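User: Please take a close look at one part of this model, a sheet, and then describe how the helices elsewhere pack. I am new to this structure, so explain each term where it comes up.

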Amino acid sequence: MLDKITALYCRLSNDDDLNGESNSITNQKAILRKYADDNGFRNVQFYVDDGFSGTNFNRPDFMRMMEDVKSGKVGTVITKDLSRFGRDYLMTGQYIEMILLDYDVRYIAINDGVDTLRSENEMMVFKNVFNDWYARDCSKKIKAVFKSKGQSGKPLTTNIPYGYKKSETDKNLWEVDEETAPVVKRIYRLCIDGYGPMQIAKILTADNILTPTAYRQLKSMGSVTVEKPCRWAQKTIVGILEKLEYVGHTVNFKTHKKSYKNKKKMANPREEWMIFENTHEPIISQHDFDLVQEMRKNKRKIQKCGEVNPFSGIVYCADCGAKMYLCRSRSMTDEQEHMKCSTYSNDSDECSAHFIRTTVLRELVLGELNKLLETVRANEDEFVNTAMEYASTAQSQEVKKARKILVQSEKRIAELDKLFTRLYEDNVAGKISDERFAQMSANYDGEQRQLKQTVSELKAFIEATEQKTADVSNFIQLVRKYTYINVLTPEIMHELVEKIVVHAPDKSSGHREQRVEIYFRFNVASSTATLGHGNQGKKRKAA
């Protein structure tokens, strides 16, 4: 074995720095070199992992060492102690007692007195467990520190969002990055203009703008190593469009890790987030952020002709409640393009074949919006009073209905708790069999789980509705932006219109008549129009 490598392995994690110089890489190297020289080990080679946890075995030099082991190049592996090899007692034991043994590799832990060439290694398993417990204890302490820091409002993320940079005076504060903030603003503007994440990614790629990863490398290392530094991905755009940090808020506890051994991040439910408002300068206004979130709910796509359908995602069938989608082809003229019920397209027996031409709908909505603008300008005070009264009435009915269902659901959950307790007592007393108990308890458990989900959804709805109490002032501010609307855009539609409901045509009078309802945002008002024969004549009625 004289020609084989004697692997001297050193590892140091960030937590080991707390123990002073004893575990430093320099100290480990000195101990390992002296032991090798004193015991006649030749052809020594150092493998060093600096800054890696012992619970993680995907360390660069550890993996390189194991490749040399599997290639038959290594005869002996020496570490200062067992904890340098690893702090996961299962993985450490598997490597030392199985994998290294399979390749006839001798392992020595100097300070722990472990040598697999000898047989006196009974205490090794206990020492590995103690090393594992140490890692677990450190993890708990670190979590406590992070929890305290996160609850104080300081950002926990180590990756500052693209568009910001660390403050030169305080590492816990973010400043707007003048180089990348315009890119973030452009992404939001493109989304408001009707472009989806894929289209936005293609535009930025075509303009040769560095991706966040490439830009970060350029700033930290002075060079870019990624293969395609200007190739934006759809998921990158989506992540930027969903970050609350861009409106000036700090958001902590968005993710968690399964355990101190499993480093994979898992998403936390939104109710577990901690949001601290106005902690840094915003890049995106709250209005634009909310508008983008609203538009993202109703995802729209660019048509082959390059245009965006402004009605995409907000036009609904009055009969089945499903969304209506645009029917367009190269063979159709502008007058023939129309919106059709999606339910009918999938199953003609489930809904009727009603549709509406986009030219007619566009003309109708433009007319109603401009009529609304004129009404607000002519008598703003009267409009505000009417809108607040309308919103209050509409919301109170919805909330009243939701509260009634909420009370019933909570009452039933309490009843199920009592039934389950009684059922358990009957099973213990022998009144019902174990099989019957299992069947009934499963049914009760399933019903209670569904009810709890319903309660959670109802509470969220009631809270959101009450917070959204007729914000007429916001609507007035939006209306003031426009004097007269000539062209409908996705931005205008989602700023001013909540939804459009299209009814099936009525031919009972001998003429084709079709009713269309337009609901404006913030529940301030609605408008109903009846389209006459051939969709030419219109009767409007404001509500």
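Analyst:
**The open sheet and the helix packing**

Three strands (DSSP runs of E, at least two residues, numbered from the N terminus) make up an open sheet in the order 13-14-15, with antiparallel pairing. This is a predicted model, in which local features need pLDDT of at least 70 and side-chain atom pairs count only at pLDDT 80 or more, while totals for chains, interfaces and linings use all residues. Residues are numbered from 1 along each chain as its sequence is written, and side-chain values use heavy atoms, leaving out hydrogens and water.

At the edges of the sheet are strand 13 (324–327) and strand 15 (355–357), each of which pairs on one side only; two strands pair if DSSP finds at least two bridges between them. Neighbouring strands are turned by 25° against each other on average, direction ignored. Strand 14 (residues 338–341) pairs with strand 15 in the antiparallel sense over 3 bridges. The bridge partner of His338 in strand 15 is Arg357.

Helix 12 (residues 358–378; a helix is a DSSP run of H or I, at least four residues) lies across strand 13, strand 14 and strand 15. Helix 12 runs at about 75° to strand 15, where angles run from 0 to 180 degrees between N-to-C directions and axes are lines fitted to C-alpha atoms, for helices over the stretch in contact.

Elsewhere, helix 9 (residues 234–241) packs with helix 7 (residues 197–206) at an angle of about 110°, their axes being 8 Å apart. Helix 7 and helix 9 are therefore roughly perpendicular, a term for angles of 65 to 115 degrees. On helix 7 the contact (heavy atoms within 4.5 Å) is made by Pro197, Met198, Ile200, Ala201 and Leu204, and on helix 9 by Gln234, Ile237, Val238 and Leu241.

Helix 9 also packs with helix 6 (residues 181–192), at about 95° and with axes 10 Å apart. That makes helix 6 roughly perpendicular to helix 9. Val184, Ile187, Tyr188 and Cys191 of helix 6 meet Ile237, Ile240 and Leu241 of helix 9.

Tyr188 and Leu241 are also among the contacts of Phe289, neighbours within four places in sequence left aside; the others are Glu242, Lys243, Leu244, Val247 and Ile284. Phe289 belongs to helix 10 (residues 286–297). Its relative accessible area is 5%, so Phe289 is buried (under 20%, with a 1.4 Å probe and protein chains only). Phe289 and Glu242 are 47 residues apart in sequence, and their C-alpha atoms are 8.4 Å apart in space.

Terms used. Parallel < 35°, antiparallel > 145°, perpendicular 65-115°, else oblique. Buried < 20%, exposed > 50% of the residue type's maximum accessible area, 1.4 Å probe, protein only.
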